[in-house]
Amino acid sequence: MTAWTAASNQGPLNIDVPNKDQYIDGLMCWGQNPAVGGASADFERRTLANLKWLVCVDLWETETAAFWKPDGVGGSLGIPGRDPATIATEVYLLPAAASYEKEGSVVNSGRWSQWRYKALDPPGDAVDDLEIINRLAKKLISLYQADTPGYLPDPVANLHWGPYPGIDAHGANGASPLGYETAGHADPHKVGWEINGYFCPTSTTGTPGYRVDGFWGPNAALTTLQEDGKTSSGNWLYCSHYVNPGDPINSFDASATTPNGNRQENRVPVEKVRGDGNYIGLYSNWSICWPLNRRIIYNGASVYQTGHPMVGQPLAPHKWVLDFGVGGTGGTGPATNGSDVSDGFTAPGGGAPRYPFIMQTEGHGHLFGPGREDGPFPEHYEPWETVVTANPLGTGTLTSPTNFGHARPEAYEHPGHGNPDFPIVGTTYRLTEHWQAGQMTRNNPWLCQLMPEAFVELSEELAGLLGISNGDTVEVKTQRTELYGKRMQAVACVTRRFTPYTINSSTVHHIGAIWHFGYTGLATGHSANLLTPHIGDANTGIPESKAFICNIRKYPGGSFLV
Amino acid sequence: MAKKMMLIDTSKCIGCRSCQIACQQWHKLPAEDTSFTGTYQNPPDLSVANLTVVKFTEVGNNGDLRWVFFKDQCRHCDDPPCKLACPKNAIGRNKKGFVYIKWGKKGCKPWRCPTAATAADWPKKPCQLQCPFQTATQWSALGMPRVKKNDGTQLSSKGRMNKCDFCYDRWTANLKWGPNPLKTGLYNGVFAKSARPACEVACPTGAITTGGVNAKRDEALQKVDYLRANGYLDANMYPAGWPTHVIWVLQYRVAVYGLAQK
């Protein structure tokens, strides 16, 4: 069932692992390294050889880019035993600019979009990825316009590439030509204009070429994104991030202006305080936050039905968020007082009741989702691979019936729940010293000095059973390693931070493995993703690579746990 | 100029080792070739290329396990015996109390320095022999100044001794002491301009702070009282009984960290 679903889907789990049974001929990896970071890494490395072409845009030669290179013993680096001469994939490695070598925006998990400046030029032929994709898109568009034999050519041939010829950085209307370029290079400011949105030539609500400010607000009819098809926005959430030169510093604060309209460059390092001096550290005029610079989402919940926060007990004085005042206008505009932009709530008498949790039908917060078949709390499912054979929290299904597997079942098939060959629970994780698939940090000598090798953590109890000493080499096997023949070998870290579980009255051991390592860079080693199953959740395909069943032994010569 | 003191509050340390890298970066020191030996502590000890190393220790058992971190480095004795011991007068101590090894023309030349034949495989230099903390850790019997890397090699045939110098040269680089960036929250530009030690500026939790001698000592004693009042009955200030310009607040007895007093 899952395999059929996946076979027709080129979504998150499958797009990085094409194979010849599917439609994908080529793959572009922009700063991605699936040969290390993908679940079932050994499988992913093998499927790379089925591509006709592969483009890697990166700062270093990643494991993905080097998968086809000779390993010195007759095989290739990514696929041991396979002669590189038999790999037909054409691999391109485009040198990219690092974050300090390019300008643009970066959004943090608090939803702030902050502008980032270029500190120095990238070395050699390296260019930023915006420049690469601009050249690529323009070439593709011109090819499709000249000759349209491709499948469904219209969306590419007629692609609107670049913002409407709008006002330039100095406020001159029509001075900026079509396209994303300034002086021959892709310009992140113009991308910002396009994402923010602007009034089209047909607009009757605003001046064509000027940029819109928000999707609702105090001047809703005049300045905001409209639903009449005569305004354009790349992403409505970012609408208000890059407005016109001289516009207010944010949609609800006219106390200052922004010189070039780029609110992502706002850098007021003090708290914006309205009313009687509340101070909660929102720093509303430092960068811009989506949506509409609302720093705390659903903040209408911070007031009582009167529209006022209760100042004093039980809330700390001067720590309140909003105060709508008597008959406040929350819901259609800013709160009367406070340092944030209101999200919901209309005070009694201020119009139709509007409650803070605007994404819920009732407008109220929920402890659980009503109407779910599961009941008040979601059903517990064991991971795809589990050491138990019955759901310990109920009589229902053991693992999720909607797991989303890879198109090729071999990448995720489990060896049977409770299989005695794999009695140990395994997980994988990261280190402070290394970053994701490792190229950013495994090419830094100082960080390699701190964490030079891959390792596997296990308890003193398990180490005692298997005769493993701290610092020994160990070997870990899972269903994947037995299929592809490449077990994970790493250093043992025997630690009291790991202790065995007691599950259904029996002792279950577990191990943790580091997945940052691969075969290129200054520090190399086996990635723990050699172990993980290619299985994801049904909604988004987020990999379930944090729990699997495995076995471990001292290498060489040790025995696996029985 | 008033004397300065560094306070390392181990109860705030998260073991990230930003201090190790910041130190190597400021002093332009190369990475050592290491291997993973079953501990996060790496390189294993102080060396000519690593002037501060966080020492990791697991204490207790299931249910009461503590992973404790100790940022090891030169203590900067108020009356440094290494300075007296140096036959070339190549160890300096400035008015702020910073003890540093001179690297100039008249500075340290260990290849001309008499060595004591106390350890055939790694003879100690006079400054190492006289270091009051040479037996202070479980990892090494060497003093704080080091001339070799952990693998026994030198940075060069005429490599100098090296140890924590309190980043005294950040003062001469026209940097200003300035506000502690962690206290003001004003990160913008402060890192690059601060004359405070590189490790302090890099520390993300404020475990490393510097200030006046009396202020820091008072702060340490207050923190010890606070920890004792909140369940850490063995909390103490280290080192005890020997004035230094680097002091630690320890949550547990010194032996837990593999430490000894002078």
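**Exercise 1. Determine how strand 17 and strand 22 of chain A pair, and place them in their sheet.**

Step 1. Strand 17 (residues 455-458) and strand 22 (residues 510-514) of chain A run antiparallel and are joined by three bridges. Two strands pair if DSSP finds at least two bridges between them. Strands (E, at least two residues) and helices (H or I, at least four residues) are DSSP runs, numbered from the N terminus.

Step 2. The model is predicted: local features need pLDDT of at least 70, side-chain atom pairs count only at pLDDT 80 or more, and totals for chains, interfaces and linings use all residues. Residues are numbered from 1 along each chain as its sequence is written, chains are lettered from A and ligands numbered from 1 in the order in which they are written, and side-chain values use heavy atoms, leaving out hydrogens and water.

Step 3. Within strand 22 of chain A, G512(A) stands opposite E457(A), and I511(A) is the bridge partner of L458(A).

Step 4. Strand 16 (residues 424-429) of chain A also pairs with strand 22 of chain A, in the parallel sense and over five bridges. Here V425(A) has H510(A) as its bridge partner.

Step 5. These strands belong to a closed barrel of six strands in chain A, in the order 16-22-17-19-18-24 and with mixed pairing. From one strand to the next, the twist averages 45 degrees. Angles run from 0 to 180 degrees between N-to-C directions, and axes are lines fitted to C-alpha atoms, for helices over the stretch in contact.

**Exercise 2. Establish which residues on each face of strand 22 of chain A are buried.**

Step 1. Buried means under 20% relative accessible area, exposed over 50%, and partly exposed in between (1.4 Å probe, protein chains only).

Step 2. On one side, H510(A), G512(A) and I514(A) are buried; on the other, I511(A) and A513(A) are buried.

Step 3. Five of the five residues of strand 22 of chain A are therefore buried, and the strand is mostly covered.

**Exercise 3. Describe the open sheet of chain A and the helix that packs on it.**

Step 1. The open sheet has three strands in the order 1-2-3, with parallel pairing. Strand 1 (26-30) and strand 3 (90-95) of chain A are its edge strands, each pairing on one side only. The twist averages 10 degrees from one strand to the next.

Step 2. Six bridges join strand 2 (residues 53-58) of chain A to strand 3 of chain A in the parallel sense. Across this pairing, L54(A) stands opposite V91(A).

Step 3. Helix 4 (residues 129-146) of chain A packs on the sheet and touches strand 1, strand 2 and strand 3 of chain A, where contact means heavy atoms within 4.5 Å. The direction of helix 4 makes about 155 degrees with that of strand 1 of chain A.

**Exercise 4. State how many disulfides the structure holds, and examine C56(A) and C493(A).**

Step 1. A disulfide is a pair of cysteine sulfur atoms within 2.5 Å. The structure holds zero disulfides over all chains.

Step 2. The closest cysteine sulfur to that of C56(A) is in C29(A), at 4.8 Å, which is too far for a bond. C56(A) counts as buried because its relative accessibility is 1%.

Step 3. C493(A) is in no disulfide either, and the nearest cysteine sulfur, that of C550(A), is 16 Å away. At 2% relative accessibility, C493(A) counts as buried.

**Exercise 5. Examine the aromatic pairs and the charges over rings.**

Step 1. Rings of Phe, Tyr and Trp (its six-membered ring) pair if their centres lie within 6.5 Å; planes under 30 degrees apart count as stacked, over 60 as edge-to-face and the rest as tilted. The structure holds 24 aromatic pairs over all chains.

Step 2. One of them is the tilted pair of F43(A) and Y484(A), at 6.3 Å centre to centre with 45 degrees between the planes. F43(A) lies in helix 3 (residues 41-48) and Y484(A) in helix 10 (residues 479-484) of chain A, so the pair ties together parts 441 residues apart in sequence. Both F43(A) and Y484(A) are buried.

Step 3. In chain B, ring pairs link F70(B), F133(B), Y232(B), Y238(B), W248(B), Y252(B) and Y257(B) into a cluster.

Step 4. A charge sits over a ring if NZ of Lys or CZ of Arg is within 6 Å of the ring centre and within 35 degrees of the ring normal. K477(A) lies over the face of F560(A), at 4.4 Å from the ring centre, and R497(A) over that of W67(B), at 3.8 Å.
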